[in-house]
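Subject: Handing over the model

Hello,

Here is the structure I promised to pass on to you. Please open it next to this message, and read on once you have it in view.

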Amino acid sequence: MPTLSDLAVRHTALDDADLEWMHSLVSDWQLLADLSFADLILWIPLKDGSGWIAIAQMRPTTGPTVYHDDIVGMTAAKGERPLLETAWNERRICREGDPDWSSGVPVREETIPVRRADHFLGVIQRSTNLSSARTPSRLELTYLQSASDLAQMVAEGRFPFSGAEPILVRSPRVGDGLLRLDRAGRVTYASPNALSAYRRLGLNADLVGAELGRTTATLCYSDEPINENLMIVASGREPRETEVESGGTVVQLRAIPLVVGGGRIGALILIRDVTELRRRERELMTKDATIREIHHRVKNNLQTVAALLRLQARRLQQPEGREALEEAVRRVGSIAIVHETLSHTPEEQVDFDDIADRVIAMTGEVAAPETQVVPRRIGTFGVLRSEIATPLAMVLTELLQNAVQHGLAQRQGRLQVIVSRGAERLDVIVSDDGSGLPEDFDLDRSTSLGLQIVRTLVVSELSGRLAVEPRQGGGTEVSLSIPLPAL
């Protein structure tokens, strides 16, 4: 389905500022649909003046829909929908006198001109399904009156709010709880959900007639300085959001000032109890912090082990023993690098390029000065899960170290790590142009501890494929192919 921007650019004369206004309107018009118990369709004049095109549609969550099929992208010829023409030409909200029964159910049609600054951009068609019509309750009457005020604000170019902060995806909705305030910030109506939220904050008196800002501040800031943002939101003076907490209950408030005819007539306050949501978020943050702390301590312990091995290596007189301990230090260090990276990330995923570069740099530092080997990486590993990153770091360490110690010993040469990442596999080639493999080399029969470690990690732990082959032109190529699970 084409997007609002696609349709507007292709079929209408809206400029960038107009299009941005439309995006702001559509991002927040669920509020108008729910208060109206009605479907909304946004119609824009075609650039050639031959009619209209529907570029957006919204169904209510508070009542039955009129349009079960999508209307977006549909066009209407000029004169086909008279109410659109009337609202556009007369710059006013229009309503049909009698319900329309053409679809088999009674539908009341209204049209609302959409204004930005001093010019009009389109028309909202508001269609209400009257099949379940009954005597409205006070809540429904309040909803409808608030919808009427919002519609008038749209027609006057006062909604959406210019320059307001973007509305969060988890902002309160009409059904979560609604308060209507008068011009002085006093509550004239409180929905049952809104009243329940304030009861959980500790309110014992009636909310209707109370000054919301003062009442909320008394409940939540009895011994602390009052949050200025709370007073602005709770009084409905500006279109903002805030959260208040009292007695373990967390309530989210969103203010929608009602400005009609050039003057502020009151405000709507949407309320949502987010206690459980915030509790879960805190638990997740605590869990993430604990996991990061574990990785940090593991890294510290590994560094301690590496330091002890390094001290022991210095005391040994036998070159073979010292070399074996130094190799162990490098293996432990490669694992420590992964845990250090994980200790700084909120998830069990790491950007492996940084780890690979540190392992490559570590290999270059231990190479003999006369070899002048400068390993380099070509391609990108991207983000990998920790269960892949740890063994892969050890594999790279072993392969690079093996190339430096054997293939490029006592000679200059080139050492490369070539990476190719697909949707489901990661392919890595460690290539050197050194002395190459012995004529009788057999990976399966090799007694090299490093290659045994590599084979075990690649084949058994990573479920990958490993190949060690002569490089064309001289040297050695080690190829790894590792399956990647979805992140």
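A word used throughout is "buried": a residue is buried under 20% relative accessible area, exposed over 50%, and partly exposed in between, using a 1.4 Å probe and protein chains only. Helices (H or I, at least four residues) and strands (E, at least two) are DSSP runs, numbered from the N terminus. Please keep in mind that this is a predicted model, where local features need pLDDT of at least 70, side-chain atom pairs count only at pLDDT 80 or more, and totals for chains, interfaces and linings use all residues. Residues are numbered from 1 along each chain as its sequence is written, and side-chain values use heavy atoms, with hydrogens and water left out.

**Helix α5 and what follows**

Let me begin with α5, which has 19 residues. From its first C-alpha to its last it reaches 27 Å, close to the 27 Å expected at 1.5 Å a residue (the expected span is 1.5 Å times one less than the number of residues). Buried residues in α5 include Glu 140, Thr 142, Tyr 143, Ser 146 and Leu 150. After the helix comes Gly 157, with a positive phi near 80°. In the loop between α5 (138–156) and β7 you will find Pro 160, and the peptide bond that joins Phe 159 to Pro 160 is cis, with omega about 5°.

**Two hairpins**

Two strands pair if DSSP finds at least two bridges between them. Strands β7 (residues 178–181) and β8 (residues 187–190) do so in the antiparallel sense, over three bridges. Arg 180 has Tyr 189 in β8 as its bridge partner. Five residues lie between the strands of this hairpin, where Gly 185 takes a positive phi near 85°.

The other hairpin has β9 (residues 241–246) and β10 (residues 249–260) running antiparallel, joined by six bridges. Here Val 244 stands opposite Val 251 in β10. Two residues lie between these strands, and Gly 247 has a positive phi near 60°.

**Positive phi outside glycine**

Most residues other than glycine have a negative phi, and most peptide bonds are trans. Two residues to look at in that light are Phe 37, with phi near 55°, and Ser 463, also with phi near 55°. Phe 37 is in the loop between α3 (30–36) and β1 (39–45), while Ser 463 is in the loop between α13 (449–461) and β17 (465–470). Are they buried or exposed? Phe 37 counts as buried because its relative accessibility is 15%, whereas Ser 463 is exposed because its relative accessible area is 53%.

**Two buried polar side chains**

A polar contact is a pair of N or O atoms within 3.5 Å; within protein, one must be able to donate a hydrogen and the other to accept it, and residues adjacent in sequence count only if both atoms are side-chain atoms. Gln 57, in strand β2 (residues 51–58), is buried at a relative accessible area of 15%. A polar atom of its side chain lies 2.7 Å from the backbone nitrogen of Ile 71, and one lies 3.5 Å from the backbone oxygen of Asp 69.

Thr 275, in helix α9 (residues 275–315), counts as buried at 16% relative accessibility. Its side chain reaches the backbone nitrogen of Val 250 at 2.9 Å, and a polar contact of 2.6 Å joins it to the side chain of Asp 273. Contact means heavy atoms within 4.5 Å; leaving aside neighbours within four places in sequence, Thr 275 is in contact with Gly 248, Thr 249 and Val 250.

**The cores**

A nonpolar core is a set of buried Ala, Val, Leu, Ile, Met, Phe, Trp, Tyr and Cys residues joined through side-chain atoms within 4.5 Å. The largest has 49 residues, of which Phe 352, Phe 381, Leu 396 and Leu 480 touch the most other members. Helix α12 (residues 386–407) gives the most to this core, with eleven residues. A second, separate core of 42 residues includes Leu 25, Ile 44, Val 72 and Tyr 143.

**Cysteines**

How many disulfides are there? With a disulfide taken as a pair of cysteine sulfur atoms within 2.5 Å, the count comes to zero. Cys 94 is buried at 3% relative accessible area, and Cys 220 is buried at 10%.

Enjoy exploring it!
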